[in-house]
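Open the model in your viewer and keep the selection tool ready. The tour goes stop by stop.

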Amino acid sequence: MKKVTMLCMLAASALAFQACNESKSDKASEEHAEAATDQAKDMNDSLQTVDEKDAEFAMKAAGGGMYEVEVAKLAEQKASNAKVKEFAAMMIKDHGKANDELMSLASAKGITLPATMDEDHQKHYNDLKKLSGKDFDKKYVELMKDDHDKDLSLFNTQATEGKDAELKEFATKTSGVVQQHLNHIKQIKESMK
């Protein structure tokens, strides 16, 4: 009889222990699910908080950056002026880096950036593609001066009026580089007269 009582007590203890463990496991699962739900909500909230003008800035900056890299690749092939080729190499390096940074920021914020150049940029690209030598150099320098004037205004506006802190920081940092490019292309233009 003692053996039977002892076995019953052991079985009852085992069941109680198992029930206790299941309760802890269920609680851990619930906590894990709550944490995952909170994380998903946080990610969703961050995707929804980008101001329309901030998103517009990102799209314009990405389109302009893409254009500047593509015409710089043309310049590396078609330009006859060594300073123009040097400027083109700088465009590929600097704007390539800025484009990558902007893509990363936009992706994190749920902003879809353009995959191709807009109509105006594509027209300038096509026009440049038809030129070579000094004609190419002159037109490329003119386009880069005009484009960097517009870029500087776009980036300065975002740096002062943007609502998204990260996009403002990106615009502030990049506007300094754009200003350097503008100064450089103006010097090249002067030297070609």
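Select E56 and K60, both in helix α2, 4 residues apart, about one turn of the helix. Helices here are DSSP runs (H or I, at least four residues), numbered from the N terminus. The side chains of E56 and K60 form a salt bridge, 3.4 Å from N to O. The term requires a side-chain nitrogen of Lys or Arg within 4 Å of a carboxyl oxygen of Asp or Glu. E56 is partly exposed at 37% relative accessible area, and K60 is partly exposed at 49%. Buried means under 20% relative accessible area, exposed over 50%, and partly exposed in between (1.4 Å probe, protein chains only).

A word on the model. It is predicted: local features need pLDDT of at least 70, side-chain atom pairs count only at pLDDT 80 or more, and totals for chains, interfaces and linings use all residues. Residues are numbered from 1 along each chain as its sequence is written, and side-chain values use heavy atoms, with hydrogens and water left out.

Next, go to helix α5 and select K139 and E142, 3 residues apart, about one turn of the helix. Their side chains meet in a salt bridge of 3.7 Å, N to O. K139 is partly exposed at 28%; E142 is partly exposed at 33%. The whole structure holds 10 salt bridges.

Now select D164 and K109. What joins their side chains? A salt bridge does, at 3.0 Å from N to O. D164 sits in the loop between α5 and α6, while K109 is in helix α3, so this pair ties together parts 55 residues apart in sequence. Are D164 and K109 buried or exposed? D164 is buried, with a relative accessible area of 12%, and K109 is buried as well, at 8%. Add E166 to the selection: salt bridges that share partners join K109, D164 and E166 into one network.

Return to helix α5 for D137. At 2% relative accessibility, D137 is buried. Leaving aside neighbours within four places in sequence, D137 is in contact (heavy atoms within 4.5 Å) with A79, S80, N81, V84 and M192. Draw a distance from D137 to A79: the C-alpha atoms are separated by 5.5 Å, with these positions 58 residues apart along the chain.

Turn to the aromatic rings. The search of the whole structure finds 5 aromatic pairs. Rings of Phe, Tyr and Trp (its six-membered ring) pair if their centres lie within 6.5 Å; planes under 30 degrees apart count as stacked, over 60 as edge-to-face and the rest as tilted. Select F57 and F155: this pair is edge-to-face, 5.2 Å centre to centre with 85° between the planes. F57 lies in helix α2 (residues 52-78) and F155 in helix α5 (residues 133-161), 98 residues apart. F57 is buried at 2%, and F155 is buried at 6%. Add F170: ring pairs link F57, F155 and F170 into a cluster.

Last stop, the cavity. On a 1 Å grid over the protein atoms alone, a cavity is a set of points where a 1.4 Å probe fits but cannot get out, and lining residues have an atom within 4 Å of a point. The count is 1 cavity of 30 Å³ or more. The largest cavity has about 90 Å³ of space, a volume filled by probe spheres set on the points, which are joined across faces, edges and corners. Select its lining, including G64, H95, D151, F155 and F170. Helices α2, α3 (82-109), α5 and α6 (165-191) each supply at least two lining residues.

How values were computed
On a 1 Å grid over the protein atoms alone, a cavity is a set of points where a 1.4 Å probe fits but cannot get out, and a pocket is an open set with protein on both sides within 12 Å along at least five of seven lines; lining residues have an atom within 4 Å of a point.
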